[in-house]
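Biologist: I am new to reading protein models. Could you walk me through this one, feature by feature?

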Amino acid sequence: MDFDLSETQRMVRDTAREFATRVLVPLARTAEREERVRPEVLREMGELGLLAVNVDEELGGVGAGVVSYSVAMTEVARACASTAVTMAVTNMVGEVIAKFGSDAQRKKYNPWLASGETVGAFALSEPDAGSDPGAMRTTARRDGDDYIIDGQKQWITSGAWAGVFVVWARTGEAGTKGISCFLVEGGTPGLKVGHHEDKTGLRGSNTVPLVFENCRVPATALLGELSGGFKIAMMALDGGRIGIASQALGIGEGALDASVKYAHDRRAFGAAIKDFQAIQWMIADSRTDLDASRVLVMRAAELKEQGVAFTREASMAKLFASEAAWRVCNRAVQVHGGYGYTREFEVERFWRDVRVTQIYEGTSEIQRIVIARAALRD
Ligand SMILES: Cc1cc2nc3c(=O)[nH]c(=O)nc-3n(C[C@H](O)[C@H](O)[C@H](O)COP(=O)(O)OP(=O)(O)OC[C@H]3O[C@@H](n4cnc5c(N)ncnc54)[C@H](O)[C@@H]3O)c2cc1C
C-alpha cells in the first residue's frame, strides 16, 4: 500500500493545516464558550473547500477524494474537535445527497452545503434507538403529494443550525426494511429543535433532540428509493467512520504535540521532564498509537476511494483510532501533571473531546460486532 500523498492530497492537507493554525487554534475555547462554530469560520471553510472535500466540482465541492477528506479532517481536529465534527457531518450529508439524491436535490442542496452558508445534519438516532436504528419509531405517512413525519430524534449534531437534515423514518414494516430517508429543511413547520445537550466535551458543537409533529414535506423530499433508507444509513455510516477515525487521530496528534512541548518546558528535580524515562515511554507509546491509527485510517480511506468494499476496514480504523486517541489524551494529561487537569492547558479539552469518538458513528462494541462478523464469515 502506498501512503505517499499525491500533490492534490498534500495541497488539501496543507490548506487545512494553515487554516486550523491561523483560525481554529485561537478560537477553540471561544467555540466552547459560545457553544457553536462561528458562521464566518464555516464560510471560510466553505471557501477553502473543506465542507465538500469528496463531492464533485460541478456540485460545488472540490472532488479531491476520500484520502484528502481524511487528512483535512485530521488537521482540523488537531486544532478544534468541535469544528471537526461540524465539518464531518456536513461532508457526510453532502456525500449522501450527491450519491443518492435526484438531480433537483443535488442542485438545490450540494452547492449550499459546500459554501458554508449552512451546515447539514444527520438525523438517525432516537431516544430508544441508538446502536439499533432498526428499532426506530419515527414514521412518515403518505398524504396526497406529501409525507407527514412524526416522531423524535436524539443527539443530532448541528441540529439547531442546520439548513438541511437527512431524516430517517419508518414508511413500512417493522425492522430495517421499512425505513426511508427524507431531506427536510431547517425551519419546516412541525420540526421542533430541543434544548442544547450539556455535554462533557465537543462543547463547541451543537447537539440537540428533534421533535417532528405533523411535519409535512413534499414527496420529492424522499431521498433514494422508498424503503431503501436503511441501506443509505449503513453506507453513510461506513464512510462516516473514516471521518470519525480521522477526527480521533487529529485530536490525538494535538494532544501529543502539546505533550512534547510541555515535556521540554517543564522542569522537576533539576531536569526537563523529557529526560525522565517514564515521560519518554508515554511519548513513545502515544507516537506508536497514532502511527498505527494512521495506517488503518489511510487503508480504509484508500479502499473507499478505489470504490471497493471497506466496511470492515472502516470499523477497524474507527475502533483502533478512537481507543488509541483516548489513551494518547489520557497520557497527555498525565505528562502535564496537575496543570493538565485545568482549563489553562489544551490537553484538558482534547481529553474531554476525544471520549465521544468511542461512542458516536457506532460505539466500539458495534465496531467489534462488524469486524467479528466479517472475520468469522471470511
Ligand atoms: C455528541 C454526540 C453527537 C451525536 N451526533 C449524532 C448525529 O448527528 N446523528 C445521529 O443520528 N446520532 C448522533 N449521535 C448518536 C450516537 O450515534 C449514539 O449515541 C450511538 O450510536 C450509541 O447509541 P446510544 O447512545 O443509544 O447507546 P445504546 O445503543 O443504548 O448503547 C448503550 C451501550 O450498550 C452497548 N450495546 C448496544 N448494543 C449492543 C450489542 N448488540 N452488543 C454489545 N453492546 C451493545 C453500546 O455499545 C453501549 O456501550 C451522537 C451522539 C453523541 C453523544
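Modeller: Happily! Let us start with a working definition: a residue is buried if 20 or more other C-beta atoms lie within 10 Å of its own, exposed if 12 or fewer, and partly exposed in between. Keep in mind that this is a predicted model.

Biologist: Which residues of α5 are buried?

Modeller: In α5, the buried residues are R106, Y109, N110, L113 and A114. As a general idea, an α-helix has 3.6 residues a turn, so residues three or four places apart point the same way.

Biologist: What do the buried residues of α5 pack against?

Modeller: Their partners are α2 (39-48), α4, β1, β4 (164-170) and β5 (179-185). Just after α5 comes G116, with a positive phi near 85°.

Biologist: How far apart should the ends of helix α5 be?

Modeller: The expected span is 1.5 Å times one less than the number of residues. Helix α5 (residues 103-115) has 13 residues, so it should span 18 Å, and its end C-alpha atoms are indeed 18 Å apart. The 20 residues of helix α4 (residues 81-100) should span 28 Å, which agrees with the 28 Å between its end C-alpha atoms. As for cover, 19 of the 20 residues of α4 are buried.

Biologist: And what span do we find for helix α8?

Modeller: Helix α8 (residues 311-335) has 25 residues, so 36 Å is expected, and its end C-alpha atoms are 36 Å apart. This helix is mostly covered too, with 21 of its 25 residues buried. G337 follows α8, and its phi is positive, near 60°.

Biologist: Which residues touch the most other members of the largest nonpolar core?

Modeller: They are V76, F182, C329 and A332, in a core of 122 residues. Helix α6 (residues 229-265) gives this core its largest share, 15 residues. You can follow A332 on the structure: leaving out residues up to four places away in sequence, it touches A255, L256, A258, S259, G340, V347, F350 and W351.

Biologist: Let us step back to the whole chain. Which domains does the assignment give?

Modeller: The protein chain is assigned domain 1 (7-118), domain 2 (122-227) and domain 3 (230-377). Between domain 2 and domain 3, the contact takes 13 residues from domain 2 and nine residues from domain 3. On the side of domain 2 that touches domain 3, seven residues are nonpolar, six are polar and none is charged. The C-alpha centres of these two domains, domain 2 and domain 3, lie 30 Å apart.

Biologist: How many residues surround the ligand?

Modeller: There are 21 of them, and the closest are G130, S131, T157, T363 and E365. By type, the shell around the ligand has 12 nonpolar, seven polar and two charged residues. Domain 2 and domain 3 each provide at least three residues of that shell. Looking at elements, β1 (120-123), β3 (146-157) and α10 (364-377) each supply at least two.

Biologist: I also want to practise on single residues. Is L202 buried or exposed?

Modeller: L202 has 28 other C-beta atoms within 10 Å, so L202 is buried. You will find L202 in the loop between β6 (191-193) and β7 (207-218). Its phi is positive, near 50°, and L202 is a residue other than glycine.

Biologist: What about F269, buried or exposed?

Modeller: F269 is exposed, because 7 other C-beta atoms lie within 10 Å. F269 sits in the loop between β9 (267-268) and β10 (271-272). Although F269 is not a glycine, it has a positive phi of about 50°.

Biologist: Where is S6, and how is S6 separated from V67?

Modeller: S6 is in the segment before α1 (7-34). S6 has 13 C-beta neighbours inside 10 Å, so it counts as partly exposed. S6 and V67 are 61 residues apart along the chain, and their C-alpha atoms are separated by 9.6 Å.

Biologist: And where is L376?

Modeller: L376 is in helix α10. L376 counts as exposed because it has 7 C-beta neighbours inside 10 Å. From L376 to G144 there are 232 residues along the chain and 47 Å between the C-alpha atoms.

Definitions and conventions. Residues numbered from 1 in each chain as written. Predicted model: local features only at pLDDT ≥ 70, side-chain atom pairs only at ≥ 80, totals over all residues. Near = placed C-beta within 6 Å. Helix = DSSP H or I, 4+ residues; strand = E, 2+ residues; numbered from the N terminus. Nonpolar A, V, L, I, M, F, W, Y, C, P; charged D, E, K, R; others polar. Domains from an automatic or database assignment. Core = buried A, V, L, I, M, F, W, Y, C linked by C-beta atoms within 7 Å. Contact = placed C-beta atoms within 7 Å.
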